[in-house]
Structures are given as C-alpha cells and as structure tokens.
Amino acid sequence: MTGDGTDAPGGTRGGRDDEGPARPRSARESYRDVLPALMRADDRLYCLDSDTGLFDRDAFAAVPGRYLNLGIAEHNLMGTAAGLAASGAMPFVTTMATFATTRALEVIKIDIAYNALPVRIVATHGGLAAGHLGPTHHALEDLGIMRMLPGFTVVVPGDARQAEEAVRQSLALPGPVYIRLGRTATPDLDGGTAGAFEIGRAQWLRPPGDVAIIACGPHPVLAALRAADLLEAHGVRAAVLNLHTPHPLDTAAVVAAAAGALGVVTVEEHWRSGGLGGAVAETLAEHAPTRVARVGMPATFAERAGDQEHLLARYGITAEAAVTAALKLIGGTHGGGTDDADLSRV
Amino acid sequence: MDGPAPVDLAAAAHRIREHIVRMCGGPEGGHLGGSMSLVEILTVLYFEVMRVDPLRPAAPERDILLLSKGHGAVCLYSVLAERGFFPVAELAEYARPGSRLMGHPVRAVPGVEMPTGSLGHGLALANGFALADRGRRCFAVLGDGELQEGAVWEAAMASAALGLANLTVVVDRNGLQITGPTEDAIGLEPLADRWRSFGWTVREAAGHDFDALRTALARDGAAGPVAVIAHTVKGRGLPSLEAKTRSHYAKLSGRQAERSLAVLRARRKRAAS
C-alpha cells in the first residue's frame, strides 16, 4: 500500500518548503528521471506503478502502454511483473521498500525469485526514510529478506548518481534485482579514490587501515566517512568500504578490508540482524574470522515521531556510534559487538 | 458508557477541521485531503454512535474502531483529543521529534486500538475484534483507494461467512487516490454491488451529513455485516482543495494555514447564521 503521498508531485507544498533549482536530487528522483529514457531505448522495459505518485504519466507518452498504474495492490503488482517478465519483458516495479518486501514477499519469492525472472524492484523509503510516518512505513528488514532469496541482486546506491547507475546497469543482469532507495536528497559521495560504481563490486572510499568500516546506503556511508575522520584524531586509520551490493556479496573486498585490521564495524539503516552486518559477519566467519561490531537499528520499532535524521541519531546509526564500536574493537575490550540493550537507550 | 452528553456535532467538526489544518501546517505537513473527508464520519461515531469512555480507553465493554485508512491519522487524533482521550494541546506536537503522534496511528495514543497505515489490514483486524465479543460493535473505516488491496476482500468474505452482525465497515468514498480518481486507476464501481455480492448489507449515505450518517450507522437488526458507503469530498472544508488530487498530502506554510483557518471560520459563520 501507499497511503503516503509524500511522493506525489502535485502535493501541496508551502512556501518555506520551496527550494531553488540547485537542490540536490534524491535517489528516487534520479530513478524517476532516467527510467522513461531507458524505456524509449529498450522496448522490453515496463514501469509498473502502485499509486506512488512518483511518476508523471506524461513522461511515458513515447512508450504507450508500458507505464501502468496498477493501484494500491502489491501482490497483483509483483505477480503481474512476473507474468510480463516470463513473457520476455523487463518490468520496473515501484512501491515502498516495506510494502514490496514484507507485504508482497511470497509473490516475490515464488513467482519472481523461483523463476529467476528479470523483474527490477525499485523500492523507495528504505530504512527510516519515511521518518514521522512511523513503523508501518519504515523498512528495516528488507535487505535481510532480499539477500536470502536465491538469485536476487540487492543494491543500495549511496547517492542519486549511483541510483541512476544501478538502474542502468541492472539492464544487463539476467536475474531479478532489488534496488533500495531513500526518500530525500543526500549529498553526492565523493568519487575520489572510489572509482566507478559497479553493481557487485564494493567501493573503497578509504584504504585499508587499523579497522574497517563497511557500510551501505547514503546516511550510513556518510556516517562511516565521518567516523573515519574522527578516528584519525585518535590516531586510528580506518578503511571505509561502500558495500552497496549486499548480495551477491563482494567477498574478496570484505576479506581484504578485514586483512590486517583489528576489527570490522558495519553501519546500516536496517535492524542489526540479518542485513549488511549479518552478511559481513557470515562471510568473515567463514573466510577470515575477525571481530565484527554491527551498528544499526536496535531490535525495536521506532517509538516516537521524528524525521529520518532524528531517528538515525535517536537509534545510534551515527558516526559517533561507529567510532565507539571501532575503539572498543581496537581496545580489545569485551563487548566490541554493540548490544541491543545499550543502543536502545541512546 | 453511553455516549457523552449531547454535543453540537457541527461545532466539534469545525474544531476538528481547525486542528487538522494546524497539524498540516507543522514541520512535516500531513494527509490533509483524506482527513478532511473523514471528519463527519469519525465525529458522529465517537460522539454519538460508539460506546467509549475516554477515561477508560481500554474498558472491555467498549466499542471498537479501526482506522484502516491509517493516513487519516490527523483526523483521528483530533477527534480523540476533542472527545477527551488526551489533551487537545498535545496535537501541536504532531510529527515533531519525540512526539507519540506519528503520521499513522500508533497504539501509544489513547483510543487508538491498533497501528495502521499499511492499507488493507483493518477489516481483518475488525473481524477478530468482532468475533471476540459479539456484544460490542466494531467499525472499520476504509479508504476507497484502499479497496484495491486484495486483503480487504479476503476479510470481507470472512465477515459475511462468520455472520458478524456486530461489524460495520465505513468506506470514505471521496473518489480520489494519490494519482487521481480511483476510477482512472483501478476502478471500484459498481461498488455497492460488489459489497452486496460478498454478502454484506449496503447503505449509502451523504458522508458530510450527520443525519444521513446517523441513520446509516444505526444498528437495525441486519443479520450480517453492514457496509456504509459514505460519499465524501476529499479536502472538504477548504474550497481550493476540495475534490483535488493534490489535497492528499499538504505541508502548509504559516500563511497558508492561517488563510485556511480563516476560510473555515468564515464558512462556519455562514452555516451558523
């Protein structure tokens, strides 16, 4: 379901919310803008909407019949996508992350994943992006769920440019893809040493060091970068890895990040179980046993209102939490792993 | 636990619309259109039809309401506050950091039975509440766009099969969803016939008319569940937004909120004279 409408282009906005043309784009806006152009160039592509209000129907005038608003009905949305994909199409399906991955999960599992169909689920409002709209609209489980499904590629772009790249590159993948986007604009990550964005290949934002911070998603990656700066003041060199593709995991990069490091800190906008931290811990336990501390949402639903930044701070998905975790790992004290009871009081 | 002392429903509805406008003028804005369309429905239910006690919100003998269209939260919060479940002053905290008044109803708010916001959950929940005690009345208030969710119809089949005569659905038939008219997305008509074919007694009512709603919501011995299709106007009360798709979510500037309040007051004055 949606019932949000914070996407709606026609939403009434007051003057103080007006922003100039220089406003940075959000990842979902870059997706919205690039999709019609890709559809004009490739007639396999469909845009299946679920009354999100993200799209302007007129943008699809050149591709008649391939933009469809299927209403507020996620099972039908995913099933229709599977049927189209089984007939040679490549549907892009858009709904909010939590409605895609919890409400429509069985359809995704059986009709899309089981048949390895090239459906692209582009999910908005990932993590705590829905802010004040509350726990019904937060998606803190989607990465864990989606990375378990055989054959799914799961991507969390770090900024609007990466989102556009992820959408473009997804066209070349044979199987199903889940792309998690946020809601509001975030700063572009500095390409710097990172090199080009490539699905499946982690980006080194800071070179290997005493500890490694592995993150995915705009806010966690920005927090990881800031944590690395803060750690430098403590004389600690921290690697930062943008692990934008939690599945399939770039095992070589994760192992390389851990090599020579005293520990690994993961940062994600997700419940601490099952997501990026879980994936990294599993991988390192198998390939290169290393202490891992997971920074993420403690095992609770948000109890109070607040925008995304407020909730991230309230629940300790911050640079400061990553620093604390890293220093604990380095100090070799017990409890390097962040425990839920601690952070739920943050 | 009978209804409160007779109140001027029109006056209450006016205050509730003012609260909604003020909340939509807060830092996050709010779901204006679908809250304004709900005002008379929730007002008559909480002030006249339902047995509730604001001082004992969990009283076992209370009637139950589930706002299945959870994005009508700012209306529900306003009605609950006006009815005395919590102080009206708290409404000013809506959606602000630290407030319990989130953008969709949460159980931490006195009077809210279950959290809603993901559409299509309310009717199945109401089936459970109605089964648990057939002596109390249970109401599920659904949006019309929400009826596109398949889960609604699973639940509707079950309500009839279970003979839940204590269950009433109210459909806020304002005709619009986020992208435009419901009939341009995935159409719902013939809506009354659809409910009837699922085994429900159907009543249609003018959704901003207290007398019509009162009649439609009266318990009059129907053998099974009753669906009230309340014909409403999205954004009702603010002429510039009435029946407009863009009324769905509004973040009003201070000036817009003040102007909207002035419009509401002028209309109220005209209606009263």
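**Exercise 1.** Determine how many residues each chain gives to the contact between chain A and chain B.

*Solution.* In this predicted model, chain A supplies 39 residues to the contact and chain B supplies 41 residues. The area buried between the two chains is about 3100 Å². Carbon and sulfur atoms give 53% of that area.

**Exercise 2.** Identify the salt bridge between chain A and chain B, and state which residues form it.

*Solution.* Step one is the count, which is 1 salt bridge between chain A and chain B. Step two is the assignment: R103(A) and E149(B) meet through their side chains, at 3.5 Å from N to O. This distance satisfies the criterion, because a salt bridge requires the nitrogen to lie within 4 Å of a carboxyl oxygen.

**Exercise 3.** Describe the polar contacts across the interface and the make-up of the side of chain A that touches chain B.

*Solution.* The rule finds 17 residue pairs in polar contact across the interface, with both residues at pLDDT 80 or more. On the side of chain A that touches chain B, strand 1 (12-13) and helix 3 (97-103) are the elements giving two or more residues. By class, that side holds 19 polar, 10 nonpolar and 10 charged residues.

**Exercise 4.** Characterise the second largest pocket by volume and lining.

*Solution.* The volume is about 470 Å³. The lining has 23 residues, and those closest to the pocket centre are P135(A), T136(A), F301(A), P115(B) and S118(B). Helix 3 of chain A gives the largest share of the lining, 4 residues. Sorted by class, the lining comprises 11 nonpolar, 10 polar and 2 charged residues.

Technical notes. Residues numbered from 1 in each chain as written. Chains lettered and ligands numbered in written order. Predicted model: local features only at pLDDT ≥ 70, side-chain atom pairs only at ≥ 80, totals over all residues. Heavy atoms only, no water. Contact = heavy atoms within 4.5 Å. Buried area = accessible area lost by both parts, 1.4 Å probe. Polar contact = N/O pair within 3.5 Å; in protein donor to acceptor, adjacent residues only side chain to side chain. Nonpolar A, V, L, I, M, F, W, Y, C, P; charged D, E, K, R; others polar. 1 Å grid on protein atoms, 1.4 Å probe; cavity = no way out; pocket = protein on both sides within 12 Å on 5 of 7 lines; lining within 4 Å. Points joined across faces, edges and corners; volume = space filled by probe spheres on them.
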